[in-house]
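Here is a short briefing for a newcomer. Look over the sequence and the model first, then read on.

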Amino acid sequence: MTDPYLDATALAELVRTGQATPAELVGQAIERIEAVNPEINAVIVPLYEKARKEAARVPKDAPFAGVPYVLKDLTVHSKGDPYSAGCAGVKAAGYRSDHDSHFVTAMREAGFVLIGKASTSEMGMYESTEPLAWGPTRNPWNTGRSAGGSSGGSAAAVAAGMVPVAHGNDGGGSVRSPSSQCGVVGLKPTRGRVSSGPMVVESDTVCGMATEGLITRSVRDAAGMLDAVSGHRPGDGYWAPPPSRPFAAEVGADPGRLRVGVLTVDPTGQITIDPESVAATRAAADALADLGHDVSDGYPETLREGMWPMEWFGCVGVVIAREFDWLGEQIGRPITEADVEPATWAYIEQGRGVGAIAYAAGIDALRNQAREIERWWEEDGWDLLLAPTIPVPTPEIGQLAATADDPSASVAMWILQNTVLFNVSGQPAISLPLHERSDGMPQGVQLAAAYGREDVLLRVGAQLEAALPWADRRPPHGVR
């Protein structure tokens with residue numbers, strides 16, 4: 001039995017050197033999921049027999065031959081497998097995807113084996129993965145705490161030792177926030193880096209806010225996985241400049257002396273950042289200074305006006321309404337109020353009342369804010385922004401439940417205030433599990449780079465991984 005906390009790169013090396021077979025890696029992952037998942041509830045759709053068959057035919061020379069992963073049950077599809085987007089009505093209808101998304105095809109070509117579907121909050125809208133359709137996903141560090149959202153199932157599966165890597169998607173922090181709360185690496189690539197196609201829904205990937213993301217145990221896995229899945233596909237609405245060399249080559253490469261800004265306050269003055277979140281960020285800043293970087297307090301001035309433009313808020317409802325229209329077409333009947341959670345239905349109704357001019361104005365506001373954020377990198381000469389991934393402790397299960405008085409409580413944008421700005425700008429950002437809080441919970445620290453510069457994130461992320469290592473940490477409710 002291999003170490004359940006080996007990263008994907010190490011597992012692939014075992015196959016490459018004949019110390020393990022793809023079938024063995026998949027079989028062991030199945031055993032681990034069966035042992036731990038009943039307590040964690042991260043993997044909602046097991047695909048074990050399909051995975052075993054795929055492991056038997058995976059090319060042995062593929063870079064990640066036989067390495068198992070889970071796919072978030074949102075946006076990206078795997079042909080023939082159940083898909084519900086966290087929605088009870090779609091789950092009950094028994095809908096199955098009729099195609100493989102480009103992401104799934106690329107992962108298969110790289111040798112990864114899809115072993116199951118991971119839970120998400122309904123339509124990926126909520127900051128805790130507690131859909132009524134599947135029940136709450138629990139954090140392997142403390143099962144009374146949230147695993148974050150909306151990629152909480154994926155983050156919990158990696159953290160608990162079920163699989164070494166997982167797919168997620170990120171429209172406001174949905175990869176980075178759960179990665180911070182579960183103590184793993186979460187990478188949101190540059191807008192347009194990874195295709196969500198070939199299907200075109202979600203109103204142009206939520207007006208460009210959303211992108212497919214990666215959840216891993218190590219920086220080198222994030223780089224290798226990004227090499228596997230990145231690239232423009234016909235019909236993609238956005239484009240990211242191609243890298244000059246493989247992302248894997250950036251791990252261990254000298255980043256040079258970089259100018260790093262540090263953000264440990266709420267620029268709007270509306271919330272107080274948790275002291276341990278500040279301490280984690282300051283420790284990372286000190287480590288970067290020791291590594292030779294020029295580190296000082298600083299952030300884009302536009303953030304004083306808010307992390308994202310409120311004029312765009314109405315567009316969210318339009319996106320949700322459009323997506324549920326599509327899902328209704330797939331199950332053969334319209335989605336009704338009885339099919340979805342109350343807060344989701346409120347968004348659907350709100351979206352149907354947004355006029356075309358208001359929608360266009362929201363998009364204009366989004367692009368204006370993106371321009372102002374990017375100027376800090378492109379014109380003011382900064383290389384990285386360092387901040388707490390989330391500014392508060394991990395919430396308890398049920399803490400973010402929507403109520404009749406506050407149906408949007410579960411969106412919890414105040415948790416995502418440091419992540420959503422890079423969905424607005426489209427820039428790449430990574431959460432690194434650099435800190436352990438006094439209560440034993442993980443605390444991630446986020447780095448963000450200029451548009452298209454994942455290479456900088458990976459170089460500096462690898463530096464911090466060596467300076468402040470996390471590989472030996474084990475959650476008490478993970479695989480033993």
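In this predicted model, a polar atom of the R176 side chain lies 2.9 Å from the backbone oxygen of T419. R176 belongs to helix α7, which spans residues 176–182. The points below start from that residue, then turn to the whole protein, its spaces and some further sites.

**R176 and its surroundings**

- R176 counts as buried because its relative accessibility is 0%, and the cut-off for buried is under 20%.
- Leaving out residues up to four places away in sequence, R176 touches D170, G186 and K188.
- Its other contacts on that count are T389, T419, F422, N423, A429, S431 and Q446.
- T419 therefore appears twice for R176: in the list of residues it touches, and as the owner of the backbone oxygen 2.9 Å from a polar side-chain atom.

**The protein as a whole**

- The protein contains 15 helices and 13 strands.
- Its C-alpha atoms fill a box of roughly 60 × 55 × 45 Å along the principal axes.
- The radius of gyration is 21 Å, which agrees with a compact globule, because a globule of 480 residues would have a value near 23 Å.
- Of the 480 residues, 63% count as buried.
- Take the contacts between residues at least 6 apart in sequence: 79% of them join residues at least 24 apart.

**The largest pocket**

- The largest pocket holds about 390 Å³ of space.
- Its lining has 24 residues, and Y5, R217, W470, A471 and D472 are the closest to its centre.
- Two elements give two or more residues to this lining: α6 (152–159) and β12 (429–436).
- β12 gives the most, with three residues.
- By class, the pocket lining has 12 nonpolar, four polar and eight charged residues.

**The cavities**

- How many cavities of 30 Å³ or more does the structure hold? There are three.
- The largest cavity encloses about 500 Å³ of space.
- It is lined by 34 residues, and G124, M125, G171, G172 and V206 lie nearest its centre.
- The elements giving two or more residues to that lining are β6 (165–170), α8 (202–207), β8 and α11 (313–331).
- The largest share, four residues, comes from α11.
- The lining of the largest cavity has 18 nonpolar, 11 polar and five charged residues.
- The second largest cavity has a volume of about 70 Å³.
- Its lining has 14 residues, with L11, R32, P68, M162 and P164 nearest the centre.
- Helix α2 (residues 22–40) supplies the largest share of that lining, three residues.
- By class, the lining of the second largest cavity has nine nonpolar, two polar and three charged residues.

**Helix α6**

- Are the residues of α6 mostly covered or uncovered? The element is mostly covered, with eight of its eight residues buried.
- The buried residues are G152, G153, S154, A155, A156, A157, V158 and A159.
- G161 follows α6 and has a positive phi, near 85°.
- α6 is also one of the elements that give two or more residues to the lining of the largest pocket.

**I215 in strand β8**

- I215 sits in strand β8, residues 211–216.
- I215 is buried, because its relative accessible area is 0%.
- Residues up to four places away in sequence aside, I215 touches S151, S154, A155, V158, P164 and V165.
- On that count I215 also touches A166, V175, S179, V184 and V185.
- Among these contacts, S154, A155 and V158 are buried residues of α6.
- I215 and V184 are 31 residues apart in sequence, yet their C-alpha atoms are 7.0 Å apart in space.

**A51 in helix α3**

- A51 lies in helix α3, which covers residues 48–57.
- A51 counts as buried because its relative accessibility is 0%.
- Which residues does A51 contact, leaving aside neighbours within four places in sequence? They are V26, V113, L114 and I115.
- A51 and D61 are 10 residues apart in sequence, and their C-alpha atoms are 18 Å apart in space.

Technical notes
Residues are numbered from 1 along each chain as its sequence is written. This is a predicted model: local features need pLDDT of at least 70, side-chain atom pairs count only at pLDDT 80 or more; totals for chains, interfaces and linings use all residues. Side-chain values use heavy atoms; hydrogens and water are left out. Buried means under 20% relative accessible area, exposed over 50%, partly exposed in between (1.4 Å probe, protein chains only). A polar contact is a pair of N or O atoms within 3.5 Å; within protein, one must be able to donate a hydrogen and the other to accept it, and residues adjacent in sequence count only if both atoms are side-chain atoms. Contact means heavy atoms within 4.5 Å. On a 1 Å grid over the protein atoms alone, a cavity is a set of points where a 1.4 Å probe fits but cannot get out, and a pocket is an open set with protein on both sides within 12 Å along at least five of seven lines; lining residues have an atom within 4 Å of a point. Grid points are joined across faces, edges and corners, and a volume is the space filled by probe spheres set on the points. Ala, Val, Leu, Ile, Met, Phe, Trp, Tyr, Cys and Pro count as nonpolar, Asp, Glu, Lys and Arg as charged, and the others, Gly among them, as polar. The radius of gyration is taken over C-alpha atoms; the globule rule is 2.2 Å times the number of residues to the power 0.38.
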